[in-house]
Amino acid sequence: MCLLALLVWVTTALAGVPHASREDGPLFPQATNGQPFPWNKMRLPQAASPLHYDLLIHPNLTSLDFSGSVKIQMEAHEETNTIVLHSKDLNITKAALLASAEGEGQIVKVLEYPAYQQIALVSDSTVLKKGGVYFIELEFIAKLSDSFNGFYKSTYQTREGEERVLASTQFEATSARLAFPCFDEPAFKANFSIRIRRESRHISISNMPKLRTVALPDGLFEDQFDVTVKMSTYLVAFIVCDFLSISKNTEHGVKISVYTVPEKIDQAEFALDAAVRLLDFFDGYFDIPYPLPKQDLAAVPDFQAGAMENWGLTTYRESALLFDLQKSSASNKLAITTIIAHELAHQWFGNLVTMQWWNDLWLKEGFAKFMEFVSVNITNPELQVEDSFLRKCFEAMEVDSLSSSHPVSTPVENPAQIQEMFDDVSYEKGACILHMLREFLTPDHFKSGIVHYLKQYSYQNTVNTHLWESLTTKKQHSEDDLDIKAMMETWTLQEGFPLITVDVKGREVRLNQERYLKGEDPSRTSGFLWHVPLTYVTSNLATVHRFLLKTKTDVLYLPEEADWVKFNVDMSGYYIVHYEGSGWDDLITLLKHNHTALSSNDRASLVNNVFQLVSVGKLPLDKALDLTLYLSHETEIMPVMQGFSELVPLYKLMEKRDMEALENHMKGYIMHLFRGLIDRQAWTDDGSASERMLRSYLLLFACVRGHPPCVSTATQLFNKWKKSDGNMSLPIDISHAVFTVGARTEEGWDFLFKMYRESLSTSLKSRIKSALSSSPLAHKLIWMMEQSLEGSLMKTQDLPYVVTSVSNNPKGYKHAWDFLRANWHSLVKKFDLGSHSIAHMVTGVTSRYSTREMLEEIQEFFGSLTAETGAELRCIQQALENVEENIRWMDKNLLLLQAWLDKNHPEPAQLDDHFKHSEL
């Protein structure tokens, strides 16, 4: 960092920043030049705010650096001679203050405080007047980032093996400051005029359409883009690349374009059609026209997240956007469509209306996740998106059941804390409580409320309360005293979720609520109370009945006595239910004799809830296992997949304890449950989207389990495919199982890796990569992780997936843990503290350990870290809690499990010899 001038600091000369004293808080920190830095908070002062940025960026894709300049028009809100803004890893070479756009600039002094990623511009002679408009002009140089944030380098290889370089941006949440000095907080909205300089062999794209290209004397070109709408810095985007594009117009006249590397442009059409449909849907649903003339979707070869909603230029992983008609599966089609829906929903929720601060991240992410399902259900009903929504709520509950969880809306300050907010609580829980509220208010009333919210707060920033007020204004509910704000704050301002206990005696139903919490500290469950919108059906009542539980206990009365009662219809509420007395036995009997009397989601929720109740000691394990017996008659994707989700982790715990006999007994029971369904699967791509996704999983599971008919068919298909040098067309949905069988041998693994390297299909590469990581060849697993970190043969963006996949492999889990420890400092530098990638590896690698020795080893490693290297990360606390819970579960239930299996499934399954010790 280059510091332009030294500052002799005189505290009394400054207005607009608080003065340090013994009485009013900590002293001011020290700038890099040893002088006091005139601000001592992580959040920027409110002394001035930006109105407009005139930004010029010139990347050099050969030397991998960039230069730039920015002129920021701003308004002063109080008298001050100091402007504090954000800058990180930028070498500022010039700084000036102007009283008008064309006026003569006065050089100002620059102080830097890297710990807060802030700079202060200090004028010795000019005091900014309250209400005055001023300009600051900054010039800077920097290296293109080696991480996935800021303005960073990305590469790809052509079919001929030539490496090509491009530069792309990822600014959310706090990385715009790595590309240009700015007021990098979501409430500091402004307009942006962006210019990009480039070579003739490249193009540039940004948020807005290009107005003109100007040829410069040195053979360079300058692309000048239209001024943006008023928006936050994290939504600014630009890419310099050699991409190609295809385009279409929506019904409302918006030009949609998909950009990809040249050799993959033939995989862009599916995304283009989906984006056109979805943008038209949102235009109509929100009753607010999309405000920009174009929307680009760009597939970036190196991308850490799934996608990013930059206004007018959404960016994606290639696997999240590109669809190969010959090689992409039903699950690929669903994933790509929902991801596009998520990013386009953000153009309203997040871009048009933005949360005031990152503590309310859920206001955009929960909504975008929720709108995925609302929109795709209408635009692509054949994808059966509703079958996957419930799984999102179960995933949120997994982390929300731990004491390390956090409220949906929770205070955050530093960049690592902000990054940690991008988790299942903000996304999935946010979506699930919105779904619950929508079902409670009715879809029409909910929709009118959110449209009111979007219209009232367009181009502004909001907090939780604004949403509840909008929904209250528009509510039409039978309960005149319904207080939506009071109700929903019980879901957003406290962590966790309720366990509702139901005790039915005749017509009388006694209700009780408490916090559902795994762990041994009962004090952590006291003091929690939710307003719970209960729903229920009975053997006599097909119509859904409702009851708002606002107290710790209450009583409701059924119209008539019933053989069974099922609460939380379709699991539309974010809570789980325990039935006292004969309640569970009645439902288990119903499932055994007439399971279709309940909906698919109701059956899945019972499978989930019964195992959650075992974890907190409300039910014995044998009751939960008794319920699973009905699954031998189940055919629907949600309850079948939930059965796997509850049963597979049980033998995964044993795998890491070397309990081979009991482990195989448990695997045999699962195979017994689903063998009939597995054996009925055709090795084709026929059927609905849900049927195809279920087939893909079932055949993969059966082959990995060593089910002889599956292994035999997969082996034959793999050998034929290999003999054709990968040219034979395999049914897409069964290819994962075929590749997994092929990867068990050295020769097969090497051939698969060759195909991985040669393929241009991102979905095919993903399935091959998954198969490679499930191989029993330990040396190959170690090599995969090393290569993913190095980044040339396998993309580093995929490393978190590779590490967690290897950790899920009985031949690899010890190597994954060793790899995580040995490379920790490289990983947090590459992926950033607090990122979802780091959290995914930490919790994934440790999730199925269940011994005190391993707990101590995990505690010892993470305990050796400093705050700067991750000691305070929430994911570490989650990992430790998970292992502690696993230990408790095994101590309590191991003998019960053995006894139940001996009684109900005495015969272990016959396995193919090659697969006795292999796993997904």
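Two strands count as paired if DSSP finds at least two bridges between them. With that in mind, welcome to this predicted model. Two places make a good starting point: the hairpin of strands S9 and S10, and the packing of helix H13 against helix H15.

**The hairpin of S9 and S10**

- Strand S9 covers residues 150-157 and strand S10 covers residues 163-170, and the two pair in the antiparallel sense over 8 bridges.
- To find your place in this pairing, look at Tyr 152, which stands opposite Ser 168 in S10.
- Between the strands of this hairpin lie 5 residues, and Gly 161 takes a positive phi near 95°.

**Helix H15**

- Helix H15 runs over residues 689-704, and at 1.5 Å a residue its 16 residues should span 22 Å.
- The end C-alpha atoms of H15 are 23 Å apart, which agrees with that expected span.
- Is H15 mostly covered or mostly exposed? It is mostly covered, as 14 of its 16 residues are buried.
- Just after H15 comes Gly 706, with a positive phi of about 80°.

**How H13 meets H15**

- Helix H13 (residues 637-655) packs with H15 at an angle of about 25°, and their axes are 11 Å apart.
- Because angles under 35 degrees count as roughly parallel, H13 is roughly parallel to H15.
- The crossing in which H13 passes H15 is left-handed.
- On the H13 side, the residues that meet H15 include Val 640, Phe 644 and Tyr 651.
- On the H15 side, the residues that meet H13 include Met 693, Tyr 697 and Phe 701.

Note on methods:
Residues numbered from 1 in each chain as written. Predicted model: local features only at pLDDT ≥ 70, side-chain atom pairs only at ≥ 80, totals over all residues. Heavy atoms only, no water. Helix = DSSP H or I, 4+ residues; strand = E, 2+ residues; numbered from the N terminus. Expected span 1.5 Å × (residues − 1). Buried < 20%, exposed > 50% of the residue type's maximum accessible area, 1.4 Å probe, protein only. Axes fitted to C-alpha atoms, helices over the stretch in contact; angles between N-to-C directions. Parallel < 35°, antiparallel > 145°, perpendicular 65-115°, else oblique. Left-handed = near helix turned anticlockwise from the far one by under 90°. Contact = heavy atoms within 4.5 Å.
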